[in-house]
Amino acid sequence: MEQVQVALLGLGTVGSGVFKMIQQNQDVIARRTGRFFNIRSILVKNLEKKREIQEIHHLLTDDYNQILRQQIHVVIEAIGGVEPARTYLIEAIKKGCHVVTANKELIAKHGRELEELAEQHGVRLLYEASVGGGIPVIGTLEHFLKANHVYRICGILNGTTNYILSQLSEQKREYTEILKEAQEKGYAEADPSSDVEGRDAAYKLSILIRLAFDADVPVEQIRCRGITDVTSGELELADRLGYTVKLLAQAEQFGESGPIACSVCPTLIPKSHLLSKVNDVYNAVYLEGDRIQDLTLIGQGAGENPTASAMVEDLCNIERWQSFRRVKKAEPWIVEGAAEAGTQLIYLRSGDAVTESDWEEQVKRWSGRGMEFHGWAFRQKERETEIGCIVSGWNEETEADLITKTGRNAQIVTKRPVFLGGSVKSKEEKMARLTVG
Ligand SMILES: NC(=O)C1=CN([C@@H]2O[C@H](COP(=O)(O)OP(=O)(O)OC[C@H]3O[C@@H](n4cnc5c(N)ncnc54)[C@H](OP(=O)(O)O)[C@@H]3O)[C@@H](O)[C@H]2O)C=CC1
Ligand SMILES: N[C@@H](CC=O)C(=O)O
C-alpha cells in the first residue's frame, strides 16, 4: 500500500474534523484509493491550548519550518485568512507538495496566483471545501460541467447567516444569541463579521464565477450586503407576503465573455421556490447552463464533518484529471440582486397608525406612474405602522411622495430585491430586467 505523508495546518473546527476522518475512515479510504494517509505533523498557533483529540501532542508544532524539513507529499491548510496561509502554501508548492485548502478568502483573492504556481511545479491545488461546505460544487463545475456554457449561479453560500435567518424567522429569538450558537456549533468564521456582512459569501461567489464563467471578478467589486439589518419584523412581513428572506449570492453572464451581473444581498424568495426551503446550516447552489439546463445542489454548508468530508475527498482525488482554463479579467456589472433587481420589497415604518384603506388609496395613485404593486402587509404597534410591499418599477419620485404621504416620521427602512426564479429566456428580456429599478 502506498504511504502518503500529510501535514495538517490548523486543528480548529475543520482541522480536527479532517484529522478524525482520516483516522476513523482509514479502512474505506485505503480500500478505494490504495493509499494510506499518514499525518506526520500538525501546525497550530498555541501549543498550550487544551485539545479535544487525545494523544496528538507529539504531532503538534508551532514552527512551519519544522514541517517543511520533513518529507511531506500533501499539505492540508485549515488555518484561515490570507497570511500566513498564503506564504505557507507558496512554500509548500515550491517544495513539490500538493495542497488542499478550505480557505475561501485566500482562494478568492490569490487563487489564480497559487494555481499558476502549482502548475509550474507540477502539483495540484484543491479547494472543494472553500465553497458550500460538504456540497461537491467545485468538483461538479470542474469535472461534470466542462462542456457546458454555464451562465447563471444562484446560491445560499453561507451556513452561519442561513442558520441565523432560519432561527430568527422560526423561533423568534434574539440575533446575538443565535449568532453565539452558530459560533459554538463551529459554523462561523474566526471573525464572524465576514459571515454576517456577506464577505464570506462574496469570496465563495467569486470562486464560482471563476470556475463557471472563466472570469476573474475581483471580490471587492462584488456588490455585497449582509444580514445585520434584517429584523424579525421584516421577516414576518415577508412571510405574510409569501416570501422567505435568504442571503442570496447571484451571478449571471450575458453572452460568452459578456458582462457579469453579480451581488450578495438579503433577497426575498417565493415560498414556492426550492431555495426558500433550504434552512439552518444547509447551503444550495443553483446553476443554469446551455445543456444541463438547470441543476440544484443542496447540502450542509458549514461545520466540522461536512467541511472535513470535502477536504478528505480532495485528498483522495489528487490524481484526478485536471481542467485547463484561460481566465480573463472581468468588470462586474454592479446590480443589486443581480438580474432580478426589477421587483423589490419596500419595508417602511411610519409614526402614525396608517389604515389599510388610506394605503390602498395611495397605491392606486402610485400605480399610475409605471409602478406595479403586487401586494402589501401591515404590522401595527400602538400608533406605529410597519408596511411591507412588493413593487416593480420603483422610482425616486414615488419614494419622496411615499415618505410624505405615509404619516409622521415615515421612513423606508430597507429595500430588498425579490428573486423571481427560473430562467429568463431572451437576452433582451434579461437586459430589460437589469435596467429596471
Ligand atoms: N468552520 C467551517 O464550517 C468552515 C471553515 N472553512 C474554512 O476553514 C478554515 C479553518 O476554519 P476553522 O477550522 O473554522 O477555524 P478555527 O478558528 O476553528 O481554527 C483555526 C486553526 O488554525 C490555527 N491557526 C490560526 N492561525 C494560525 C497561525 N498563524 N499559525 C498556525 N496555526 C494557526 C489555530 O491554532 P490554535 O488551535 O492553536 O488556536 C486553529 O487550530 C478557514 O479558512 C475557514 O474559512 C471552510 C468551510 C467551512
Ligand atoms: N463560516 C462559513 C463556514 C463555511 O464556509 C459559513 O458559515 O458558511
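**Ligand shells, domains and a few odd backbone angles**

In this predicted model, the shell of residues around ligand 1 is a mixed bag: twelve are nonpolar, eleven are polar and four are charged. That shell numbers 27 residues, and the ones that come nearest to ligand 1 are Gly10, Gly12, Val14, Gly80 and Ala302. Helix α1, which runs over residues 13-24, supplies the largest share of the shell, with three residues. The surroundings of ligand 1 are not the business of a single domain, either: domain 1 (2-126) and domain 2 (137-301 + 324-339) each give at least three residues to the shell.

Ligand 2 has its own set of neighbours. Around ligand 2 sit Gly133, Asn158, Gly159, Thr160, Tyr187, Ala188, Glu189, Asp195, Asp200, Gly301 and Ala302. Sorted by character, this shell splits into three nonpolar, five polar and three charged residues. Ala302 turns up here and also among the residues that come nearest to ligand 1.

Stepping back to the whole chain, it divides into domain 1 (2-126), domain 2 (137-301 + 324-339) and domain 3 (343-417). Domain 2 is written as two stretches of the chain, 137-301 and 324-339. Between the C-alpha centres of domain 1 and domain 2 there are 27 Å. Where these two domains touch, nine residues of domain 1 meet twelve residues of domain 2. On the domain 1 side, helix α5 (residues 104-120) makes the largest contribution, with seven residues. That side consists of two nonpolar, three polar and four charged residues.

A database record adds a label to part of the chain. According to an unreviewed UniProt entry, residues 136-315 carry the annotation "domain: Homoserine dehydrogenase catalytic". In the model, this span is 39% helix and 27% strand, and the C-alpha atoms at its two ends lie 14 Å apart.

Helix α11 (residues 232-240) makes a neat small example of a helix with a buried face. Its buried residues include Glu234, Leu235, Leu237 and Ala238. Looking down the axis of α11, the buried residues fall within an arc of 165 degrees, so they line one face of the helix. The general rule behind such a pattern is that an α-helix has 3.6 residues a turn, so residues three or four places apart point the same way. After α11 comes Gly242, with a positive phi near 95 degrees.

A few spots in the backbone go against the usual habits. Most residues other than glycine have a negative phi, and most peptide bonds are trans. The bond from Glu83 to Pro84, however, is cis, its omega being near 5 degrees. Pro84 belongs to the loop that joins β4 (74-77) and α4 (85-94).

Two residues that are not glycine have a positive phi as well. One of them is Asp280, at about 55 degrees, in the loop between β11 (260-270) and β12 (282-289). Asp280 counts as partly exposed because it has 17 C-beta neighbours inside 10 Å, and a residue needs 20 or more to be buried. The other is Glu382, with phi near 45 degrees, in the loop between β17 (372-381) and β18 (384-392). Glu382 has 6 C-beta neighbours inside 10 Å and therefore counts as exposed, the cut-off for that being 12 or fewer.

Notes:
Residues are numbered from 1 along each chain as its sequence is written. Chains are lettered from A and ligands numbered from 1 in the order in which they are written. This is a predicted model: local features need pLDDT of at least 70, side-chain atom pairs count only at pLDDT 80 or more; totals for chains, interfaces and linings use all residues. Domain bounds come from an automatic or database domain assignment. Two residues are in contact if their C-beta atoms, placed from the backbone, lie within 7 Å. Helices (H or I, at least four residues) and strands (E, at least two) are DSSP runs, numbered from the N terminus. Ala, Val, Leu, Ile, Met, Phe, Trp, Tyr, Cys and Pro count as nonpolar, Asp, Glu, Lys and Arg as charged, and the others, Gly among them, as polar. A residue is near a molecule or strand if its C-beta atom, placed from the backbone, lies within 6 Å of it. UniProt positions are given in the numbering used here, feature names are shortened, and annotations may be inferred rather than shown by experiment. The arc is that of the directions from the helix axis to the C-beta atoms.
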